[in-house]
Amino acid sequence: MKTIAAVIASLIAFSGAARAADATAPVKEIMDATRSNWADNNGDWTDIFDASRLAHLYSKDFVAKYQAAAQFPAVDDDGISPFDYDVIINGQDACPLEDLTMAAAPVVNRTAEVTVRFKKSACSDAPDAKDYTTVRFEVIEEDGTPVIDDIVTENIETQGRDSLKATMALIAKGQ
């Protein structure tokens, strides 16, 4: 009996670990693009919200909120993005990202939180240049695939967290 119980416990633990590992896949794709965008290679900018990424990396609810917000572009000459900043670095300027780490928490209420930390200003002389930026991706499973349902950044001014889905809902309301 102990052997069967041990096998079942191992399978349950493995299943949870496998789900957590899968949760990092869409986040890794977004972070690879973000890392490339801020690298010193002067390559083309990768839109983390282009149609192909919206179709396979984000939840249906996230996509609906993005599309509603996109009706209100942040910059008139852009005409595309509802944001006038990089939502991952939570700003308009950054250096090549350094010391990037990613960790998935166990699934709770069908959501795995994937926490990403990195230094975005290490090349700067600013007093906070060596500080870490933390971004939390809420990943859910839709149609058997892990997808990003929200991107949550830390707000230094309020010491709180800012949900990108909540921001998109405000943009869609014209706020």
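Tutor: Let's fix a word first: a residue is buried when its relative accessible area is under 20%, exposed when that area is over 50%, and partly exposed in between. Keep in mind that the model we're looking at is predicted.

Student: Fine. How do you know whether C95 is buried or exposed?

Tutor: Its relative accessible area is 8%. The limit is under 20%, so C95 is buried.

Student: And C123, what do we call that one, buried or exposed?

Tutor: C123 comes out at 55% relative accessibility. Exposed starts over 50%, so that is the label C123 gets.

Student: What makes C95 and C123 a disulfide?

Tutor: Look at the sulfur atoms, which sit 1.9 Å apart. The cut-off is within 2.5 Å, so the pair qualifies as a disulfide. Apply that rule throughout and you get one disulfide.

Student: Why is the disulfide of C95 and C123 called left-handed?

Tutor: The torsion about its S-S bond is about -80°, and that is why the left-handed label applies. As for location, C95 is in the loop between α3 (60-69) and β1 (98-104), while C123 is in the loop between β2 (112-119) and β3 (133-142), so the bond ties together parts 28 residues apart in sequence.

Student: What about A122, buried or exposed?

Tutor: A122, in the loop between β2 and β3, has a relative accessible area of 9%. Set against the limit of under 20%, that makes A122 buried.

Student: Which residues does A122 touch, leaving out those up to four places away in sequence?

Tutor: C95, E98, A129 and K130. So one half of the disulfide, C95, has A122 among its contacts.

Student: On to charges. How do you know that D61 and K165 form a salt bridge?

Tutor: Their closest N and O atoms are 2.5 Å apart, and the cut-off is within 4 Å, so the pair counts as a salt bridge. D61 belongs to helix α3 and K165 to helix α4 (residues 164-172), 104 residues apart, which makes this a link between distant parts of the chain.

Student: What makes D61 partly exposed?

Tutor: D61 has a relative accessible area of 33%, and partly exposed runs between the 20% and 50% limits. Its partner K165 has 11% and counts as buried.

Student: What do K119 and D99 form, and at what N to O distance?

Tutor: A salt bridge, at 3.2 Å. K119 lies in strand β2 and D99 in strand β1, so parts 20 residues apart in sequence are tied together. K119 is buried at 14%, whereas D99 is partly exposed at 41%.

Student: And how do you know that E113 and R161 meet in a salt bridge?

Tutor: They are 3.7 Å apart, N to O, and the limit is within 4 Å, so they count. This one runs from E113 in strand β2 to R161 in strand β5 (residues 160-163), 48 residues apart. There is also a network: shared partners join D61, K65, D149 and K165. The search of the whole structure finds eleven salt bridges.

Student: Now the sheet. What is the order of its five strands?

Tutor: β1-β2-β3-β4-β5, an open sheet with antiparallel pairing.

Student: Why are β1 and β5 said to stand at the edges?

Tutor: Each has a single partner strand, so one side of each has no neighbour in the sheet. From one strand to the next, the twist averages 25°.

Student: How do you know that β4 and β5 pair?

Tutor: Pairing takes at least two bridges, and strand β4 (residues 145-155) shares four with β5, in the antiparallel sense. In one of them, V152 has S163 of β5 as its partner.

Student: What packs on the sheet and touches β4 and β5?

Tutor: α4, at about 60° to the direction of β5. Helix α3 lies across β3 and β4, running at about 55° to β4.

Student: Last one: which residues have the most contacts inside the largest nonpolar core?

Tutor: F49, Y58, I88, F137 and I151, in a core of 32 residues. α1 gives the most to this core, with five residues. F49 touches Y58 as well as, among others, L54, F62 and L164.

Technical notes: Residues numbered from 1 in each chain as written. Predicted model: local features only at pLDDT ≥ 70, side-chain atom pairs only at ≥ 80, totals over all residues. Heavy atoms only, no water. Helix = DSSP H or I, 4+ residues; strand = E, 2+ residues; numbered from the N terminus. Buried < 20%, exposed > 50% of the residue type's maximum accessible area, 1.4 Å probe, protein only. Contact = heavy atoms within 4.5 Å. Salt bridge = Lys/Arg side-chain N within 4 Å of Asp/Glu carboxyl O. Axes fitted to C-alpha atoms, helices over the stretch in contact; angles between N-to-C directions. Core = buried A, V, L, I, M, F, W, Y, C linked by side-chain atoms within 4.5 Å.
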